[in-house]
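I opened this model to go through its backbone oddities, its ligand site and its charged pairs. These are my entries, in the order in which I looked things up.

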Amino acid sequence: MNTIGTTGLVMNEPLIFERSSEGKRGIEVPKSDVGDIKPEDVIPADLLRADIEGFPEVSEVDVVRHFTRMSQWNYGVDTGMYPLGSCTMKYNPKVNEDIARLPGFSRIHPYQPEELSQGALQLMYELEQYLAEISGMDAVTLQPAAGAQGELCGMLMISAYFASKGRPRKKVIIPDTAHGTNPASVTLAGLTAIPVKSGSEGALTPEAVKAVMDEDTAGIMITNPNTLGLFERHIKEIADIVHEKGGFVYCDGANMNALLGAAKLGDMGVDVVHMNLHKTFSTPHGGGGPGSGPVGVKKELEPFLPVPRVIKKDETYSMDYKRPDSIGRLRAFYGNFGVLVRAYAYIRAMGAEGLKKAAQMAVLNANYVKENLKSHYHLPFDQPCMHECVFSDKLQFEKGFSTMDIAKRLMDYGFHPPTTYFPLVVHDAIMIEPTETEDKGTLDSFIDAMKRIAEEDPELVKGAPYNTKTKRLDEAKAARNPVLKWEKAEN
Ligand SMILES: *Cc1c(COP(=O)(O)O)cnc(C)c1O
């Protein structure tokens, strides 16, 4: 049955400690030619460790096979299509990796003097400008280490703005389609989230915003395209309502895949936006990082950007720390520099036309998947989508299986599952984002697998997955009581 994807050859692997055999060595260190010096003679006793109990003794081949086998248990975008909605799991061209590894970038130290870091500073300065151009903002900081930290940065700046005017505002309007990080960031910044419901068409209505916007409200936090993959077509009108009462429009631009080179958020009335380089700008993500969530602002908020700022004067780049209104530092040094290099390489390689083409292909691919699957899956908002589309399990639920079962079964066909149960406004959501990096052949295989699952015997689907290394985990228990040792009998 696995003609569609493949499950490959999955090898068992014990813990590295279990591979240990006394006396085995990975490398032979040459004999010292500086005489017989004992570690105690040159290193203070309190810094020396006694024997490490149970330290594995293994050969080079043991180590290489151990880690390579475990890496093969993993599924990544280098293995196959990764249709995880909201995450923009696009393929990352390997040239970005080569460039990030150039010694001038990879061996630079954050304490290196500015005159010896001109190339790195130039890269950061130019990347800020590219991102400002793409988003339609006046200035950008590269400091935030993730999208969520970018949101916090934006909220702190908005807060600082109102504090500087002597009239703090504490409320932020957030639509019910928002990513979970939005209300979390608002709360972390000491503000209060005011939820609003989106309209029957899946978009926020000006009336809903008008009803809650007042002069105690700092602004709105909106995602466009929203998490249903739909364009917020009233954004301009909503921005006008917020601006009229002196508030700011924050846009969650974590996924800009539909807008790149096609539309600027700044033109839609957005005042602050964060962009996830690890989503839209083709730097690897998943597995916990590192990420990067640059934040762009309009002029009014520029004084509040985090320190330091890269500045350019007479063809020389330097860091500006003297910014009295700044919200301060968000993290050590200047941001996740290696990620910035990858994003810079990607933008330069694509060029303006290439980025626009990527956005067009991302939208085309999502609509192709949506149109082909709507015969088999319930599509709550049947309208043209942007870079992702959202189905529900309504039709399958009637037959006896659910979103979770579909996600698990998809792994048997060799695909990573889509995002499930998000956004919350769609009951039992199945959120698919193919990205522009998948070709028609791969999309057709994915569509084929999804259709087959929709028609399969419910009992079969409910027992999935069958071809994976581990079967169904009790996810809550797995998080609280992790069993890190491979136990064949239990699986
Ligand atoms: C991914 C995402 C975020 C959070 O970004 P992180 O880098 O994971 O913190 C916020 N909003 C949306 C819409 C996202 O897709």
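**Backbone: phi**

I started at Thr 88, which sits in the loop between H2 and helix H3 (94–100). The model is a predicted one, and I kept that in mind while reading its torsions. Thr 88 is not a glycine, yet I read a positive phi of about 45 degrees for it. Is Thr 88 buried or exposed? Its relative accessible area is 1%, so I entered Thr 88 as buried.

I then went to Ser 282, in the loop between strand E6 (272–275) and E7. Ser 282 also is not a glycine, and its phi is positive, about 55 degrees. Its relative accessibility is 0%, so Ser 282 too went down as buried. I flagged such cases because most residues other than glycine have a negative phi, and most peptide bonds are trans.

**Backbone: cis peptide bonds**

Which residue does a cis peptide bond join to Val 307? The partner is Pro 308, and omega is about -5 degrees. I placed Pro 308 in the loop between strand E7 (295–297) and E8.

I noted another cis bond from Ala 464 to Pro 465, where omega is near 0 degrees. Pro 465 belongs to the loop between helix H14 (458–462) and helix H15 (475–480).

**Ligand site**

How many residues surround the ligand? I have 13 of them, and the closest are Ser 86, Gly 147, Asp 252, His 278 and Lys 279. By class, the shell divides into 3 nonpolar, 7 polar and 3 charged residues. Helix H6 (residues 147–164) supplies the largest share of the shell, with 3 residues.

I looked up individual distances to oxygen atoms of the ligand. A polar backbone atom of Gly 147 lies 2.8 Å from a ligand oxygen. For Ala 148 I found a polar backbone atom that is also 2.8 Å from an oxygen of the ligand. In the side chain of Asn 276, an N or O atom is 3.1 Å from a ligand oxygen. As for cover, the ligand on its own has 380 Å² of accessible area, and the protein covers 86% of that.

**Salt bridges**

My search of the whole structure returned 26 salt bridges. I looked at three pairs in detail.

The pair of Asp 62 and Lys 24 has its closest N and O atoms 2.9 Å apart. Asp 62 is in helix H2 (residues 60–71) and Lys 24 in the segment before helix H1 (39–42), so the link joins distant parts of the chain, 38 residues apart. Asp 62 is buried at 9% relative accessibility, whereas Lys 24 is partly exposed at 32%.

For Arg 348 and Glu 126, the closest N and O atoms are 4.0 Å apart. Why do I say that this pair ties together separate parts of the sequence? Arg 348 lies in helix H10 (residues 337–373) and Glu 126 in helix H5 (residues 118–135), so the parts tied together are 222 residues apart in sequence. Glu 126 has a relative accessible area of 19%; buried means under 20%, so Glu 126 counts as buried.

Asp 412 and Arg 409 form a salt bridge with an N to O distance of 2.7 Å. Both lie in helix H12 (residues 403–412), 3 residues apart, which is about one turn of the helix. I entered both Asp 412 and Arg 409 as buried.

I also checked for shared partners. Salt bridges of that kind join Glu 13, Arg 19, Lys 24, Asp 62 and Arg 69 into one network.

**Two other charged residues**

Where is Glu 436? I found it in the loop between strand E12 (429–432) and helix H13 (440–455). Its relative accessibility is 13%, so Glu 436 is buried. The side chain of Glu 436 makes a polar contact of 2.8 Å with the side chain of Lys 90.

Lys 313 is in strand E8 (residues 309–313). At 63% relative accessibility, Lys 313 is exposed. I took one distance from Lys 313: its C-alpha atom is separated by 27 Å from that of Ala 349, 36 residues apart along the chain.

**Domains**

Last, I wrote down the division of the chain: domain 1 (1–74), domain 2 (95–349) and domain 3 (361–478). The C-alpha centres of domain 1 and domain 2 are 42 Å apart.

Key. Residues are numbered from 1 along each chain as its sequence is written. This is a predicted model: local features need pLDDT of at least 70, side-chain atom pairs count only at pLDDT 80 or more; totals for chains, interfaces and linings use all residues. Side-chain values use heavy atoms; hydrogens and water are left out. A residue is near a molecule or strand if one of its heavy atoms lies within 4 Å of it. A polar contact is a pair of N or O atoms within 3.5 Å; within protein, one must be able to donate a hydrogen and the other to accept it, and residues adjacent in sequence count only if both atoms are side-chain atoms. Accessible areas come from the Shrake-Rupley method with a 1.4 Å probe; for residues, only the protein chains shown count as cover. Helices (H or I, at least four residues) and strands (E, at least two) are DSSP runs, numbered from the N terminus. Ala, Val, Leu, Ile, Met, Phe, Trp, Tyr, Cys and Pro count as nonpolar, Asp, Glu, Lys and Arg as charged, and the others, Gly among them, as polar. A salt bridge is a side-chain nitrogen of Lys or Arg within 4 Å of a carboxyl oxygen of Asp or Glu. Buried means under 20% relative accessible area, exposed over 50%, partly exposed in between (1.4 Å probe, protein chains only). Domain bounds come from an automatic or database domain assignment.
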